[in-house]
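Hi,

Here is the structure I promised to pass on, with my notes underneath. Have a look at it first, then read on.

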Amino acid sequence: MKYLSLLAVMLSVTMLTAPVSAVEYNAHTGFQFDWWDSDDDRKATQFSIPLTIKGEHQNYSLSLLTGFARTSIELSDGTDESLSSLLDTKLNFSYDVPGQIPLDILIGLDLNIPTGKTNLSQEELILIMDPDLISITTFGEGFNINPTINVVKKWTDWVAGMGIGYLYRGEYDFSENIKSYNPGNVINASAEARYYSQSDWDARVFGYFAHYFKDKQDGTEIAQEGKRFLIGFGLNYDQVEWVAGATVRAVFRDKISKLRETAGGPSDITQGNEWVGDLYYIRELNSFTTLKTTFQGTYIGENDEASGSDQFVGSRKKFTLGIGATRKFENRITAEANIKGFIMNDAETEFPESRDSTSYKGLVAMISVSKGF
């Protein structure tokens, strides 16, 4: 569900912003609370505080993202575990290439600096949860480098672009039993086209592809995640004071080529193919206040393993409803509040452990503030 590339962001930035003559800064922070509960007596919470600082000057942009999280889980047998830790620091640099050619080119470089928690204990491994249940699922990784290049072409009613990136993922100690873990590098590509009609409608079609190289431990190949494909379509209706739209996307996953043989390691066993639909409505009450409502439905099919196999993952259905508000103040201060509630049902599954059909409910609440300088 999280495979949309930076291309969509680039399209927006290219069309809506212009180079500035002086350095401009923006700081963003807030507080987020995640909670979920299941009908098999498991529950979890997560408190997180993100911090983002961004600077822009002419064609250059530099941002730093870090944060803190406390994650807790309680299992049905009474076992519980908690972890409080800083998260990895992410440094993002981009350069909008000037020139006379009829294309906009954006070069990016993203770095993951390992300031978070790695070398997890066997007890702490239960804190690595499903991303459909909790927001932060990775507490720390190695030193990662991700160069990207995106190109965009604009016509009268059309905007189209494509991008490519290569993610180098550095070695780190995943847990007490998984030392010198080297996750496979990733090559990804994305493309998007948007059409702006004369009747307040605009439409877009987009796609994404990722190829994963083999994971290694102590130099030995242990697993390889299958290729991933995404294709989607969206419609947007803009009436200035209010905007409504819908997006539909599908994610197709190849089966992994080799299963991880090391117990307690990060898992690459995939779910089935995924279909996601989004609806949103945004209302501008005045020049300072904006309200937003969202609805998302997700269906993930069972994977292609036999139902009795210990690698079988059953289907999933999830529905999420959210509301939010944004308020602008003087001195370039913006505050935002959002809350999303969800229900989810997993069919009978055998991985990562044998479990009957399970129902979940949960919420994500967030309050944030941004300040421009």
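D130 and R316 meet side chain to side chain in a salt bridge, 2.9 Å from N to O. This is a predicted model, so please read everything below in that light. The pair links distant parts of the chain: D130 is in the loop between β6 and β7 (144-154), R316 is in strand β18, and they are 186 residues apart. D130 is partly exposed, with a relative accessible area of 23%, while R316 counts as buried at 6% relative accessibility.

R316 also forms a salt bridge with D132, where the closest N and O atoms are again 2.9 Å apart. R316 lies in strand β18 and D132 in the loop between β6 and β7, so this contact ties together parts that are 184 residues apart in sequence. D132 is buried, with a relative accessible area of 6%. If you colour by charge, look for the network of salt bridges that links D130, D132, R316, K318 and D346.

A search of the whole structure gives 16 salt bridges. Another one of them joins the side chains of E56 and K54, at 3.5 Å from N to O. Here E56 is partly exposed with a relative accessible area of 32%, and K54 is partly exposed with 33%.

K318 turns up again with the rings: it lies over the face of F342, at 4.6 Å from the ring centre. The charged end of R327 sits over the ring of F329, 5.7 Å from its centre.

On to ring against ring. The count comes to 15 aromatic pairs. Take Y60 and F93: their ring centres are 6.2 Å apart and their planes are at 35°, so the pair is tilted. It links distant parts of the chain, with Y60 in strand β3 (residues 60-74) and F93 in strand β5 (residues 89-97), 33 residues apart. Y60 counts as partly exposed at 39% relative accessibility, and F93 is partly exposed with a relative accessible area of 34%.

F295 and F319 make an aromatic pair that is stacked, at 6.4 Å centre to centre and with 20° between the planes. This pair also links distant parts of the chain: F295 is in strand β17 (residues 289-300), F319 is in strand β18 (residues 316-329), and 24 residues separate them in sequence. Relative accessibility is 36% for F295, which counts as partly exposed, and 41% for F319, which counts as partly exposed too. There is a cluster as well, in which ring pairs link W201, Y237, W242 and Y281.

So how do the strands around F295 pair up? β17 and β18 run antiparallel and are joined by 12 bridges; L291 stands opposite A325 in β18. On the other side of the pairing list, strand β16 (residues 274-284) is joined to β17 by 11 bridges, and these two run antiparallel. V276 stands opposite T298 in β17. β16 and β17 form a hairpin with four residues between them.There is also an open sheet of three strands in the order β9-β12-β13, with antiparallel pairing. β9 (181-182) and β13 (220-223) stand at its edges, each with a single partner strand, so one side of each is left without a neighbour in the sheet. β9 and strand β12 (residues 215-217) pair over two bridges in the antiparallel sense, and the bridge partner of Y181 in β12 is Q217.

As for the surface, I107, I149, I164, Y166, Y168, I187 and F213 make a nonpolar patch of about 570 Å². Strand β8 (residues 158-169) gives the most to this patch, with three residues. I107 is found in strand β6 (residues 104-113) and is partly exposed, with a relative accessible area of 37%.

One last spot to look at is E330, in the loop between β18 and β19 (333-346). E330 is exposed, with a relative accessible area of 67%. The C-alpha atoms of E330 and K371 are separated by 9.9 Å, with the two residues 41 apart along the chain.

Over to you!

Conventions:
Residues are numbered from 1 along each chain as its sequence is written. This is a predicted model: local features need pLDDT of at least 70, side-chain atom pairs count only at pLDDT 80 or more; totals for chains, interfaces and linings use all residues. Side-chain values use heavy atoms; hydrogens and water are left out. Patches are made of residues with over 30% relative accessible area and no salt bridge: like charges are joined within 9 Å, nonpolar side chains (Val, Leu, Ile, Met, Phe, Trp, Tyr) within 5 Å. Accessible areas come from the Shrake-Rupley method with a 1.4 Å probe; for residues, only the protein chains shown count as cover. A salt bridge is a side-chain nitrogen of Lys or Arg within 4 Å of a carboxyl oxygen of Asp or Glu. Buried means under 20% relative accessible area, exposed over 50%, partly exposed in between (1.4 Å probe, protein chains only). Rings of Phe, Tyr and Trp (its six-membered ring) pair if their centres lie within 6.5 Å; planes under 30 degrees apart count as stacked, over 60 as edge-to-face and the rest as tilted. A charge sits over a ring if NZ of Lys or CZ of Arg is within 6 Å of the ring centre and within 35 degrees of the ring normal. Two strands pair if DSSP finds at least two bridges between them.
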